[in-house]
Amino acid sequence: MITTTHAVMYSFATVLVVIVAVMYGGTEVDSKSSADDQFDIFSESYRDMTSSNRASSQRDAPSRIAIVGAGIGGSTSALFLRSLFGDNTTIEVFEPAARLCGRVATIDFHEREYECGGSVIHPANLYAQSLASHFGLAHCNESSKNGISFWGDGDKSEFDISNSNFFLVVCKLLWNFGWSVVTMFRLINDYLTHFATIYQLQVQGKSYGSVEELLFAFGGEPFVQSTQQPGCEMFAEAGIANKTIDLLINGAMKVNYGQDCRINGFAGSVGIAGFMPGLWAVHGGNNQLCEKSFASSGASLIGNAVTKIKHLENNFQVQTKDGGEHDPYDVVVLATPMYFNGPDIDLTEACSDIDHCPNNKTPAKSYRSTVATFVYGKLNGTTFDCSGDDCPNSVIKVTDDFYRSVGLQQPVDFDPAQDEEMSPTNEAVYKVFSTNSLTSEQLHELFEVYSEVDEVVWKAYPKFSPPEELGKFVLHPSGLYYTSPVEWSASAIEMSIVSAKNAALLAYNRWYDI
């Protein structure tokens with residue numbers, strides 16, 4: 001999941017937009033005109049179009065559907081399956097955690113709630129936009145007042161746009177990176193334009209059996225190949241200078257994926273999209289996208305961990321940690337990632353192809369642990385060579401160190417009419433991303449003073465290592481589908497929702513032989 005330090009790229013992104021607009025007469029980036037009410041997110045037109053197929057199949061809708069996992073993928077799978085199959089299907093979601101939404105989570109800290117998982121959403125993410133609109137969820141837009149400081153190995157910032165007026169920021173970007181920064185922006189713009197094709201394809205009911213088929217559908221062979229090549233190479237071949245890659249792109253990768261530009265090129269492009277303007281979060285917490293989707297689906301929650309999925313003669317059985325055997329299910333959607341030392345779910349009697357059956361025993365399929373440490377304190381002016389208002393709101397460490405980023409935070413229910421925006425001048429809430437828990441010495445290196453600390457440790461995203469093995473969404477043609485393989489191309493909230501919609505369409509199309 002993209003975990004960009006809240007507001008970390010906003011003013012930088014705005015500058016990039018203006019640069020490209022001036023040089024190229026505008027940009028192609030939009031959020032599909034944000035006319036979400038014109039977007040058939042629930043496939044009503046496709047259901048109408050395929051009514052004759054349902055009639056000719058002489059099949060009723062599935063009696064029971066099981067979904068394993070209630071994260072963003074599982075909760076939206078439930079919603080999309082309900083919209084396709086109707087009200088007569090029983091949908092049961094297995095989730096052992098006390099709270100829904102998995103990696104899209106918040107933390108109670110300093111008497112407020114803050115995003116600690118998937119933190120930002122891109123304006124071109126049409127599913128997240130549409131769900132928020134459908135459920136009446138307001139946007140919490142990023143502050144435009146922040147400054148950013150990029151740090152390498154030395155004890156000085158290598159590049160910053162802190163406390164500079166707009167004209168100086170433009171000059172600094174062009175002086176330091178030249179045309180390369182525009183090339184980078186246009187590359188990501190091109191990726192976003194192609195990515196938007198998936199929405200129209202899914203409105204038309206298209207479904208895909210593998211990650212490779214999905215990527216090819218909206219991006220052609222270049223998108224597939226970008227998962228097989230390190231981002232460093234891909235960006236260099238596109239004409240982006242080494243300095244831009246080493247500083248700006250590596251910075252984005254460190255913040256979003258905890259890795260550098262050696263991750264696959266597609267994931268790298270998704271990560272750089274955090275440079276784009278208009279990033280937003282759901283006011284009150286992004287986890288509301290999950291909670292509202294689950295509630296609207298009418299699904300039942302079974303609060304137990306799944307240990308095995310088994311294919312029976314004509315359907316499936318789901319076994320749980322308490323010894324329960326739940327069956328029969330006509331369709332099962334596995335919506336929790338299977339990774340090395342991760343969830344222990346036995347699929348050996350469920351997959352039709354045992355050689356491509358996901359498990360938690362394959363070291364190559366590992367997820368990276370990320371520590372999000374929340375600190376109420378004041379940045380250390382000696383460490384960051386700053387004082388008061390001169391200190392940046394966000395620091396990105398582009399080289400390996402004990403931390404990757406430090407970012408000023410606003411609570412998920414921030415109200416500009418009532419709340420004072422936090423500033424580095426005084427003590428404030430910061431989120432620090434690191435690979436390991438921070439020691440007291442490390443905290444003192446980052447903060448001059450601090451009075452409250454808490455941390456969240458989570459398996460945030462895959463350890464990308466191109467060439468990636470792109471998995472299959474269909475684990476058994478009789479009705480077992482898997483949403484998480486898409487994360488090995490790139491991990492983000494919107495990618496999970498796209499995969500959830502694909503799983504629902506696969507189930508519908510195969511059930512009615514469309």
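**Exercise 1. Aromatic pairs**

Task: State how many aromatic pairs the whole structure holds, then classify the pair F218 and F223.

Solution:
- Start with the count. A search of this predicted model finds 26 aromatic pairs.
- Take the distance next. The ring centres of F218 and F223 lie 5.6 Å apart. Rings pair if their centres lie within 6.5 Å.
- Now the planes. They stand at 85 degrees, so the pair is edge-to-face. The cut-off for that class is over 60 degrees.
- Check burial. F218 and F223 are both buried.
- Widen the view. Ring pairs join F218 and F223 into a cluster with F80, Y127, Y191, F195, Y199 and F266.

**Exercise 2. Charges over rings**

Task: Find which ring the charged end of K172 sits over, and which ring that of K243 sits over.

Solution:
- K172 places its charged end over the ring of F159, 5.8 Å from the ring centre.
- K243 does this with F177, and here the distance to the ring centre is 5.7 Å.

**Exercise 3. A helix pair**

Task: Describe how helix α11 packs with helix α12, and sort the contact residues by type.

Solution:
- Two numbers describe packed helices: the angle between the axes and the distance between the axes.
- Locate the helices. α11 covers residues 242-257 and α12 covers residues 265-272.
- Read the geometry. The angle is about 90 degrees and the axes are 9 Å apart. That makes α11 roughly perpendicular to α12.
- List the contact. α11 contributes I249, A252, M253, N256 and Y257. From α12 come A267, G268, V270, G271 and I272.
- Sort these residues. Seven are nonpolar, three are polar and none is charged.

**Exercise 4. Backbone exceptions**

Task: Locate C101 and E111, and decide for each whether the residue is buried or exposed. Then locate the prolines P328 and P467 and describe the peptide bond before each.

Solution:
- Recall the norm. Most residues other than glycine have a negative phi, and most peptide bonds are trans.
- C101 has a positive phi, near 95 degrees. C101 lies in the loop between β2 (90-94) and β3 (106-109). Its relative accessible area is 1%, so C101 is buried.
- E111 also has a positive phi, near 70 degrees. Its place is the loop between β3 and β4 (112-115). E111 has 83% relative accessibility, so E111 counts as exposed.
- The bond from D327 to P328 is cis, with omega near -5 degrees. P328 belongs to strand β12 (residues 325-329).
- The bond from P466 to P467 is cis too, with omega near 5 degrees. P467 sits in the loop between β18 (447-462) and β19 (474-476).

Methods: Residues are numbered from 1 along each chain as its sequence is written. This is a predicted model: local features need pLDDT of at least 70, side-chain atom pairs count only at pLDDT 80 or more; totals for chains, interfaces and linings use all residues. Side-chain values use heavy atoms; hydrogens and water are left out. Axes are lines fitted to C-alpha atoms, for helices over the stretch in contact, and angles run from 0 to 180 degrees between N-to-C directions. Helices (H or I, at least four residues) and strands (E, at least two) are DSSP runs, numbered from the N terminus. Angles under 35 degrees count as roughly parallel, over 145 as roughly antiparallel, 65 to 115 as roughly perpendicular and the rest as oblique. Contact means heavy atoms within 4.5 Å. Ala, Val, Leu, Ile, Met, Phe, Trp, Tyr, Cys and Pro count as nonpolar, Asp, Glu, Lys and Arg as charged, and the others, Gly among them, as polar. Buried means under 20% relative accessible area, exposed over 50%, partly exposed in between (1.4 Å probe, protein chains only). Rings of Phe, Tyr and Trp (its six-membered ring) pair if their centres lie within 6.5 Å; planes under 30 degrees apart count as stacked, over 60 as edge-to-face and the rest as tilted. A charge sits over a ring if NZ of Lys or CZ of Arg is within 6 Å of the ring centre and within 35 degrees of the ring normal.
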